[in-house]
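Colleague: I'm new to this one, so could you take me through a single part up close? I'd like to hear about the salt bridges, please.

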Amino acid sequence: MAAVSFSQLLNGERAVVTLFIVIVLFSLPLSLLLHGVALSLLALFALSVEVRVETSTSLSQFKTRAGASSGLLLGAVTLPTFMLSKLIQQSRAFSLHQVHPGELNYLALQYWAAFGSCFTVLMVLCLLTLDNTRSRSCQAWNAKFGLVCFVIGAALLFLYSTTGVHAIWKLSWVFFHGFAAVKLVQHLLNTFPSCVSFGEALLVTVGLVLYFGDMLAYTIEKLYGYMTSSELEFMQYGFRRSEIGIIIQGLLLGLLLYLVVLKYLLCGWDGFSRSAYSGARICSEKGKSLIFFASLGFLIVVIIPSWMQFVQDFDMHPLLWVVRFVFMEPVKRLSLCLYWVCVIYLSVLRFYNISKNSKIERILLRKYYHLMAVLMFLPAVILQPKFLDLAFGAALAVFLTLEIIRVWRIWPLGQLVHEFMNAFTDHRDSDLLIVSHFSLLLGCALPIWMSSGYNDRPLAPFAGILSLGIGDTMASMVGHKYGVLRWSKTGKKTIEGTAAGITSVLAACSVLLPHLASTGYFLTEHWISLLLAVTVSGLLEAYTAQLDNAFIPLVFYSLLCL
């Protein structure tokens, strides 16, 4: 049993994730020692639960993506480690008096919320797999280990909450995030069976809970201010958002909340149309379409802008503010939009025809879209970073709307969108949910969004573009054509492909760094640190069975921030 357990711990993905965590922990200042202990505990607990989940049958009610490991270790540590890397960066800024203490405190609160969310989900999975252990001694050991982890985790949270003030509020906030994450993971796995692994579900749900929590905190702060004409002390940790950040947050979260309302609207219409339009299916579909587009228009024009104006002092309607923002530099921004439209039109037209008439593997064909992302986003992040922030938000909103239309088959576009999107799916997508285009766009956008404000690592905003657009693409193409030596007997990834991916990213960095220096950036990247960051993210791409578009940019960005 001991030998089996030891062999279960040995795989490439876990080794790379462990290396990633160790690098971040060695970069910690003493002021973040408590946060590092918490991350170490989370990683150890996640590894234990991952091994148990992959050998258990008690979670059979959750159908995860076929061909993927549970990915719990990677899914549990990615966001907390990402937040910890930002804390390390912001601590440097604080020592140089570049950021307000409130920003650092709020980021620390977000880190503990991410830790609490992941830890709570792992604890629930631990309890669900407890009865499936083969022997009573192992069952007792697992129960004791889980109890010890719970006690230490609770103690760490208590120690954090007692630093400063508002201990009850801090603990309540972390508990709220943990409870919401558990419910959302269950909902995601039950609503979209066989679409995601446990690790992917954990990453997505914790990210959404943090984003919703941030929106809720900002809204509560404003409500309290309007009701009492004073600031809510607990929420003073936050800092002023930019107009673009508020617009993106309101639009994306508004559309996600709209899904709940839309479900009941369409169910109500289906019940009504069955009695009123029995036998007339086209009338029912047209009515469904009318309800969707009318409610969506009302949401975008009235409800979402109302929230934006409530939490941010816009001097005009937010949609008009967007138009004004675009025309502040009309030549540059409209030219960039025209360039994007041309690239998208030519690329999609070309690759769609190839996908219909060619025998090229889907996964290889889709790497051309990674190259398209480089062509579109690399000039923009250098020349128009703020406009690119807004464009990313708009593009994600469009993708989300199209996915709603596809899933609900909204007439007359639903079937057309479904057939078009199906031309670019692979084994990681399903008819229920197509996520690859979301993960590619988010993988490129998140490093850029997170680099707003203080950023002493000029390459950090390029983390998604470099790792996905260049590294992942070159690894797949070279590995597919020239790869001979495989990393594992069962996997498809080759050593030649990984070497090509790492080399191509380093070559791109060697071109980017002098250009960034010439534009006024103070370069602080050390080549040894850069080589380590590129190598770890390249090895993760080689070994992970998870959706690499989602994980690799976050890992690469985290290492670049150190």
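Modeller: Let's start with arginine 14 and glutamate 54, whose side chains meet in a salt bridge, 3.1 Å from N to O. By salt bridge I mean a side-chain nitrogen of Lys or Arg within 4 Å of a carboxyl oxygen of Asp or Glu. This pair ties together distant parts of the chain, 40 residues apart: arginine 14 sits in helix 2 (residues 12-26) and glutamate 54 in helix 3 (residues 33-54). Helices here are DSSP runs of H or I with at least four residues, numbered from the N terminus.

A quick word on the source: this is a predicted model, where local features need pLDDT of at least 70 and side-chain atom pairs count only at pLDDT 80 or more, while totals for chains, interfaces and linings use all residues. Residues are numbered from 1 along each chain as its sequence is written, and side-chain values use heavy atoms, leaving out hydrogens and water.

Back to the pair. Arginine 14 counts as buried because its relative accessibility is 4%, whereas glutamate 54, at 38%, counts as partly exposed. The cut-offs are under 20% relative accessible area for buried, over 50% for exposed, and partly exposed in between, using a 1.4 Å probe and protein chains only. There's a third partner here too: Arg14, Glu50 and Glu54 are linked in a network of salt bridges. As for the general idea, side chains of opposite charge can pair when their charged atoms come close.

How many salt bridges does the structure hold? The count is 10, and two others make a nice follow-up to arginine 14.

Take glutamate 541, which forms a salt bridge with lysine 493, with 3.4 Å between the closest N and O atoms. This pair, too, links distant parts of the chain, 48 residues apart: glutamate 541 belongs to helix 20 (residues 527-543), while lysine 493 lies in the loop between helix 18 (463-482) and helix 19 (495-518). Is each partner buried or exposed? Glutamate 541 is buried, since its relative accessible area is just 7%, but lysine 493 reaches 30% and so counts as partly exposed.

Then there's glutamate 329, in a salt bridge with lysine 332, where the closest N and O atoms are 3.9 Å apart. Glutamate 329 has 30% relative accessibility, so it counts as partly exposed. Lysine 332, with a relative accessible area of 53%, is exposed.

Key. Helix = DSSP H or I, 4+ residues; strand = E, 2+ residues; numbered from the N terminus.
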